[in-house]
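Work through the following exercises with the sequence and the model side by side. Try each task before reading its solution.

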Amino acid sequence: MADLTLTTFNWVPELPRGFVRDLRVRWALEEAALPYRVASVPFDGRGAAHLAHQPFGQVPWLTDGDISIFESGAILQHLGELSAKLMPTDPHGRVEAKEWIFAALNSVEMASLPWALFRFTGNADGSPAVKFFDDFLELRLKHMEPVLAAREWLAGSFSVADILMSDVLRLVDHFDGLTEHPACRAYVARATARPAFAKAHADQMAHFAAADATR
């Protein structure tokens with residue numbers, strides 16, 4: 001394994017702090033005790049060098065030697081292949097973890113992110129668009145509730161699938177969207193009680209706060 005470098009923004013506004021997706025990668029790296037360093041790119045003015053690694057001008061990306069990987073799901077799957085602490089070692093468990101990686105991103109987050117953006121921007125006004133995403137998210141949570149009521153972690157042992165799913169649901173919980181889904185809420189609480197999450201969250205908050213004085 002070559003040197004691992006996680007790249008994120010040098011600064012973001014206060015509102016998204018604690019939810020920028022480099023947190024998912026920090027969390028996985030801390031869980032696996034993989035050595036890494038953090039690099040920054042400007043939040044303002046995303047140039048060609050940035051787009052060469054992340055074609056949408058977003059963060060994070062991870063470099064592993066001469067490999068550069070963008071999208072948090074792809075990064076976490078890569079890290080899962082580097083550490084047994086992040087992915088089950090048996091074939092059935094690995095497949096199950098991968099299923100839930102994609103479910104977190106494609107089935108749950110596709111409903112939760114638009115729902116949360118309305119709340120981030122103060123536009124949850126009961127319009128037809130808001131109601132559509134309220135209903136869409138509720139449908140997804142109704143499916144997740146019995147799954148999480150029946151198991152501690154998605155693929156047997158804690159894995160990158162849980163990092164992704166709990167982080168997706170954590171944003172919903174931030175806006176009190178899990179009040180009627182106690183198993184989902186308990187799952188988020190279990191995941192975020194892990195020391196690796198606390199370290200990753202504190203490090204992200206400190207990273208962005210340190211740049212405030214330069215703006």
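The exercises below take up a sheet, a helix and a single residue in turn.

The model is predicted, so that local features need pLDDT of at least 70 and side-chain atom pairs count only at pLDDT 80 or more, whereas totals for chains, interfaces and linings use all residues. Residues are numbered from 1 along each chain as its sequence is written, and side-chain values use heavy atoms, with hydrogens and water left out.

**Exercise 1. The sheet**

Determine which strands S1 pairs with, and in which sense.

Solution. Helices (H or I, at least four residues) and strands (E, at least two) are DSSP runs, numbered from the N terminus, and two strands pair if DSSP finds at least two bridges between them. Strand S1 (residues 4-9) is joined to strand S2 (residues 36-41) by 6 bridges, and the two run parallel; with strand S3 (residues 61-64), S1 pairs in the antiparallel sense over 4 bridges. Leu-4 illustrates both pairings, since it stands opposite Tyr-36 in S2 and opposite Asp-64 in S3.

Next, place S1 in the whole sheet, which is open, has 4 strands in the order S2-S1-S3-S4, and shows mixed pairing. S2 and strand S4 (67-70) are the edge strands, each pairing on one side only.

Finally, consider burial, where buried means under 20% relative accessible area, exposed over 50%, and partly exposed in between (1.4 Å probe, protein chains only). Because 6 of the 6 residues of S1 are buried, this strand is largely enclosed by the rest of the structure.

**Exercise 2. Helix H6**

Compare the expected span of helix H6 with the distance between its end C-alpha atoms.

Solution. The expected span is 1.5 Å times one less than the number of residues. For the 15 residues of H6 (residues 160-174) this gives 21 Å, and the end C-alpha atoms are 21 Å apart, which agrees. As 13 of those 15 residues are buried, H6 is largely enclosed by the rest of the structure. Just after the helix, Asp-176 takes a positive phi of about 60°.

**Exercise 3. Leu-171**

Is Leu-171 buried or exposed, and which residues does Leu-171 touch?

Solution. Leu-171 lies in helix H6 and has a relative accessible area of 11%, so it is buried. Contact means heavy atoms within 4.5 Å; not counting residues up to four places away in sequence, Leu-171 touches Phe-19, Leu-113, Ala-116 and Phe-120. Leu-171 and Trp-115, 56 residues apart in sequence, are 9.9 Å apart in space, C-alpha to C-alpha.
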